[in-house]
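Visitor: I'm new to reading protein structures. Could you take me on a close look at a single part, and go slowly with the terms?

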Amino acid sequence: MAESRDSPDPAGHDSDGGSEELVLTPAQLIRSLEQAWLNEKFAPELLESKAEVVECVMEQLEHMESNLKRVKGVDLKVGIHRMEIERIRYVLSSYLRCRLGKIEKFFPHVLEKEKSRADGDPSILSPEEFAFAKEYMANTESYLKSVALKHMPPNLQKVDLLQAVPRPNLDSFVFLRVLERQENVLVEPEADEQREYTIDLEEGSQHLIRYKTIAPLVASGAVQLI
Amino acid sequence: MGGAPWAVPVPVPIPPAAPGMDPAEAEFLAEKELVTIVPNFSLDRIYLIGGDLGPFNPGLPMEVPLWLAINLKQRQKCRLIPPEWMDVEKLEAIRDQERKEDTFTPMPSPYYMELTKLLLNYASDNIPRADEIRTLVKDTWDTRIAKLRLSADSFVRQQEAHAKLDNLTLMEINTTGTFLTQALDHMYKLRTSLQPGESAQSQDF
């Protein structure tokens, strides 16, 4: 009897994944998860939520896991698949943990940004993250109130979290690799005596530069933070 | 007297993931590189999520990602073939050029350090003159890191806003990167807080 293949046929993946406009192969999907992971690691602010990528990766992992359950014996093959699953799972958890860390660190600003974004703009929080952020904020407020604020004189019982919690520092430096050639990227020096100048970013080159000017390039995928 | 809000430092919990990248994560990325192995078992084609591998035939060289190669080697299921740049003469030439030039020489692999460490750790029996190779790669690394330290120093001193670092590998960037970017951040905060009329926007630390 022909042994059933214990892994999904890559070509048959197309119709999964719901809202993806682009049809990605599983390999491309994993690649874009890794890119999102690296960008999120090195960016000083919370980046756009890549919920579709996360969802598709989870689907792939579940699909593979259920295939593996069906196969009996064949230790080596199963072992290799499991190793790959663990590796992908690590990237996924690290990505989500990184985002949660930033949400906890910048929660009032993150919520403010989400509240004030225009309808067409992409969301920076997934629905679950949004619920988490709101709950975190409510918990912090009630904690501060019950531990300190209610013991203060009545006219000093307010805390403006937007002011109290530090903003992400968009002027921090980041390392990046250029994926798509860019022309005339502005470099703003901080000392007033130096004037701004523009540089061209060659494909494949690596740079150290302030995050603020290249933030849109990270969002569009033209550069990769390293 | 108005109800001015308190500027209470909100307790910052320990972030679940450390910022920047640690060497283990750089190694994790390097483990995706393809290396040549000669398996001693047979297995038909496997369809991983990241791509297809195999089929595995005993005695026939084939390429697999490093993470799998190391695992198979540890289980004594294959022999590793060192990459063609992992050769004493070639590495000597690279080391000499690195010492001669002020700029960074392009390295034969963007993950030369991780590949050397992993292959020499787990498969030194498959690599001729392993000790010499280890020393040569370490010498080259030391030279490059010293150069990197010098250019990072002048970058900070001259308050540069941009640097091009084409021939640096990820491991080198990560070794100095987090320290350098945090140092630059601190310098920036110190400098901008000297400007008068700065509104009460608190930046932490």
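**A close look at chain B and what it touches**

Guide: Let's start with how chain B is split up: domain 1 covers 23–81 and domain 2 covers 84–192, with bounds that come from an automatic or database domain assignment. Before we go on, some ground rules: this is a predicted model, where local features need pLDDT of at least 70, side-chain atom pairs count only at pLDDT 80 or more, and totals for chains, interfaces and linings use all residues. Residues are numbered from 1 along each chain as its sequence is written, chains are lettered from A and ligands numbered from 1 in the order in which they are written, and side-chain values use heavy atoms, with hydrogens and water left out.

Back to our two domains. Measure from C-alpha centre to C-alpha centre and domain 1 and domain 2 of chain B are 26 Å apart. On the contact side (heavy atoms within 4.5 Å), 14 residues of domain 1 of chain B meet 14 residues of domain 2 of chain B. Together the two domains of chain B bury about 1,300 Å², and 72% of that is on carbon and sulfur atoms. Buried area here is the accessible area (1.4 Å probe) that two parts lose on being put together, summed over both.

Now for charges. Side chains of opposite charge can pair when their charged atoms come close. We call it a salt bridge when a side-chain nitrogen of Lys or Arg is within 4 Å of a carboxyl oxygen of Asp or Glu. Between domain 1 and domain 2 of chain B, the rule finds two salt bridges. Lys73(B) and Asp125(B) form a salt bridge through their side chains, at 3.1 Å from N to O. There are also four residue pairs in polar contact across this interface, both residues at pLDDT 80 or more. A polar contact is a pair of N or O atoms within 3.5 Å; within protein, one must be able to donate a hydrogen and the other to accept it, and residues adjacent in sequence count only if both atoms are side-chain atoms.

Which elements of domain 1 of chain B supply at least two residues each to the side that touches domain 2 of chain B? They are helix H1 (23–30), helix H2 (66–74) and strand S5 (78–81) of chain B. (Helices, H or I with at least four residues, and strands, E with at least two, are DSSP runs numbered from the N terminus.) H1(B) gives the most to that side, with five residues. Sorted by class, the side of domain 1 of chain B that touches domain 2 of chain B has eight nonpolar, one polar and five charged residues. For these classes, Ala, Val, Leu, Ile, Met, Phe, Trp, Tyr, Cys and Pro count as nonpolar, Asp, Glu, Lys and Arg as charged, and the others, Gly among them, as polar.

Chain B has a couple of backbone quirks to spot, too. Gly54(B) and Pro55(B) are joined by a cis peptide bond, with omega about 5 degrees. Look for Pro55(B) in the loop between strand S3 (51–53) and strand S4 (62–65) of chain B. Then there's Arg129(B), a residue other than glycine with a positive phi, near 55 degrees. You'll find Arg129(B) in the loop between helix H4 (112–123) and helix H5 (130–157) of chain B.

Finally, let's see how chain B meets its neighbour. Chain A brings 71 residues to the contact and chain B brings 62 residues. Chain A and chain B bury about 6,000 Å² between them, with 64% of it on carbon and sulfur atoms. Four salt bridges cross this interface by the rule. In one salt bridge, the side chains of Glu25(B) and Lys41(A) come together at 3.1 Å, N to O.
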